There are 4 protein chains.
Amino acid sequence: MADIRILVTGGTLDKEYNQLDGELVFTKTHLTDILTQAKCTVDVAIETVMLKDSLHMVDADRELILERVLAAPEDKVVVTHGTDTMPETARLIGPRANGKTVVLVGAMVPYSFVNSDALFNLGCAFSAAQLLAPGAYITMNGKVFASDNVRKNRQKGEFETLD
Amino acid sequence: MADIRILVTGGTLDKEYNQLDGELVFTKTHLTDILTQAKCTVDVAIETVMLKDSLHMVDADRELILERVLAAPEDKVVVTHGTDTMPETARLIGPRANGKTVVLVGAMVPYSFVNSDALFNLGCAFSAAQLLAPGAYITMNGKVFASDNVRKNRQKGEFETLD
Amino acid sequence: MADIRILVTGGTLDKEYNQLDGELVFTKTHLTDILTQAKCTVDVAIETVMLKDSLHMVDADRELILERVLAAPEDKVVVTHGTDTMPETARLIGPRANGKTVVLVGAMVPYSFVNSDALFNLGCAFSAAQLLAPGAYITMNGKVFASDNVRKNRQKGEFETLD
Amino acid sequence: MADIRILVTGGTLDKEYNQLDGELVFTKTHLTDILTQAKCTVDVAIETVMLKDSLHMVDADRELILERVLAAPEDKVVVTHGTDTMPETARLIGPRANGKTVVLVGAMVPYSFVNSDALFNLGCAFSAAQLLAPGAYITMNGKVFASDNVRKNRQKGEFETLD
């Protein structure tokens with residue numbers, strides 16, 4: 001059993017540039033590369049659940065993510081996720097987290113870009129997963145949000161509380 | 001008053017390459033650039049206390065850092081610091097943190113390098129500063145260390161607990 | 001009068017990530033940033049003619065590029081251009097270059113990505129513009145192609161001679 | 001036989017950060033990584049002659065580089081070299097190039113840094129090696145210098161002609 005399980009679901013964080021057609025696509029997760037660059041020594045298990053743009057996620061996708069959270073042997077789970085519907089998945093997991101601390105996190109700019117926020121956000125998620133009480137949370141923009149009090153402001157491209 | 005004060009003291013994180021002599025030097029802190037890349041929306045005050053390699057810090061430097069911690073109007077303080085003597089400064093601040101949550105953080109590879117761990121580490125520090133009880137801590141390698149139970153293993157270039 | 005005129009027309013080289021909608025878009029050219037990073041001391045004039053994906057270029061666009069080539073006070077002209085129809089524009093300019101050395105160049109991966117080929121390709125173009133006889137050329141993949149003997153192999157994402 | 005031989009001699013271009021002691025060191029050449037990023041399809045042979053800071057090169061080092069130039073089966077040779085004494089090595093090779101086109105090139109900022117000029121300079125060298133008449137040359141700062149009319153201006157960190 002690892003200390004933290006990372007459930008990869010896709011999102012901007014893992015998108016890369018396909019030089020043949022000029023589109024941003026998913027080919028694989030970059031989490032191993034990211035944690036190597038981060039010199040992370042936490043014992044981590046990485047599990048790719050799906051590689052999806054969160055705009056394309058349907059209810060069955062969110063149920064599958066919840067299922068993988070609950071199936072994890074670890075108590076601390078980081079879920080990488082597209083930003084557009086991250087709050088929706090967090091709200092699903094929150095009341096059913098069953099004693100686990102689940103932190104959803106993503107990026108506004110892919111890891112493969114020069115100016116990505118992926119590493120910073122993932123750092124926020126790692127501390128949060130280790131320090132927070134059971135429940136579901138989002139770490140974006142340097143802040144920690146409870147799953148029942150967060151939305152993405154799409155005009156600003158930033159996360160904020162509901163009130 | 002900001003939500004988090006960042007006290008900059010130097011260390012590998014802020015070193016840059018001087019192309020005229022090929023040496024790594026300090027010219028200024030990169031914290032503003034880093035927080036912009038991170039899309040951080042936390043209200044932050046950045047204060048440069050010194051720009052030193054932590055191997056060159058003397059007792060007076062550590063006392064000055066503690067003084068600036070205590071003078072901060074904010075309760076949450078992140079101190080960027082060279083890794084070599086970071087545990088020593090944390091041990092000084094720990095028992096004298098006076099109700100503040102102080103998180104020391106640095107990098108093994110400068111922010112100006114392609115493969116820097118600076119953003120990840122700083123993300124860890126931001127969550128930790130917001131979530132931990134008063135006291136002094138170190139966030140490195142994805143882990144959170146209490147100030148009285150941490151050392152740098154210089155052979156491995158990693159932080160670990162004493163026991 | 002500068003030594004080299006750069007006519008910017010768009011293409012992958014100048015595309016950036018729009019974090020609000022996740023699309024690759026044009027906002028401005030990065031040529032000044034690129035030449036600063038390159039520590040280029042050649043006297044350069046940068047002129048943005050258009051910012052287009054070359055798949056969307058029509059005949060009038062190519063005529064406009066030719067017109068700006070011929071209007072340039074400089075004898076050496078570098079044209080940044082999307083790769084998909086770069087050979088077509090080169091073929092138009094070649095026979096009408098009117099004593100100027102014109103080098104078309106682009107990138108398979110945008111400058112804003114970690115692993116961009118933009119800087120290398122532009123370096124190739126700079127030497128070529130200074131060393132070649134009048135006419136039109138393409139520098140891609142480390143090679144120098146004459147305007148009448150080059151095509152893009154879209155399966156490989158590479159430039160090659162016709163024979 | 002390749003089309004271009006690259007003789008690696010060290011210099012800033014290939015320096016990397018040693019995170020254990022904070023020093024810039026040589027461990028291996030990055031030329032293969034650089035040419036992969038550059039999407040270079042030229043047939044290239046890479047030969048590491050030495051990995052030295054050019055300030056530490058002695059006459060025997062320069063003679064060895066010349067010897068490897070002359071031993072190359074290829075007519076086009078790119079020599080990666082530290083910038084500080086690059087003109088000195090170019091002057092040695094120039095009159096003894098024996099029908100080969102030899103282009104010396106380096107970087108002011110290591111390839112492993114975010115803002116390196118290595119890719120641009122190497123692109124300049126590749127075109128120059130393919131287009132120039134036999135002799136020795138330097139490509140730095142976007143310019144092409146003959147081996148008998150070039151010096152490094154150390155105050156500016158730039159290459160310039162003697163006159």
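This passage describes two loop residues and one helix in a predicted model.

A good place to begin is A:Thr12, which UniProt lists under "active site" in an unreviewed entry. In chain A, the loop that holds A:Thr12 runs between strand S1 (4-10) and strand S2 (16-18). The relative accessible area of A:Thr12 is 13%, and because buried means under 20%, A:Thr12 counts as buried. Beyond residues up to four places away in sequence, A:Thr12 touches A:Gly82, A:Ala107, A:Met108, A:Val109 and A:Pro110, and also C:Tyr17 from chain C.

The loop between strand S1 (4-10) and strand S2 (16-18) of chain C holds C:Lys15. This lysine is buried as well, with a relative accessibility of 12%. The side chain of C:Lys15 makes a polar contact of 3.2 Å with the side chain of C:Asp53. C:Asp53 also appears among the residues in contact with C:Lys15 once neighbours within four places in sequence are set aside; the others are C:Leu24, C:Val25, C:Phe26, C:Pro110 and C:Ser112.

Attention now turns to helix H3 of chain A, which spans residues 86-93 and has A:Met86, A:Pro87, A:Thr89, A:Ala90 and A:Ile93 as its buried residues. Viewed down the axis of H3(A), these buried residues fall within an arc of 160°, and they therefore line one face of the helix. The packing partners of the buried residues of H3(A) include one helix, H2 (59-71) of chain A. Strands of chain A complete the list: S6 (101-105), S7 (135-140), S9 (151-153) and S10 (158-160).

Methods: Residues are numbered from 1 along each chain as its sequence is written. Chains are lettered from A and ligands numbered from 1 in the order in which they are written. This is a predicted model: local features need pLDDT of at least 70, side-chain atom pairs count only at pLDDT 80 or more; totals for chains, interfaces and linings use all residues. Side-chain values use heavy atoms; hydrogens and water are left out. UniProt positions are given in the numbering used here, feature names are shortened, and annotations may be inferred rather than shown by experiment. Helices (H or I, at least four residues) and strands (E, at least two) are DSSP runs, numbered from the N terminus. Buried means under 20% relative accessible area, exposed over 50%, partly exposed in between (1.4 Å probe, protein chains only). Contact means heavy atoms within 4.5 Å. The arc is that of the directions from the helix axis to the C-beta atoms. A polar contact is a pair of N or O atoms within 3.5 Å; within protein, one must be able to donate a hydrogen and the other to accept it, and residues adjacent in sequence count only if both atoms are side-chain atoms.
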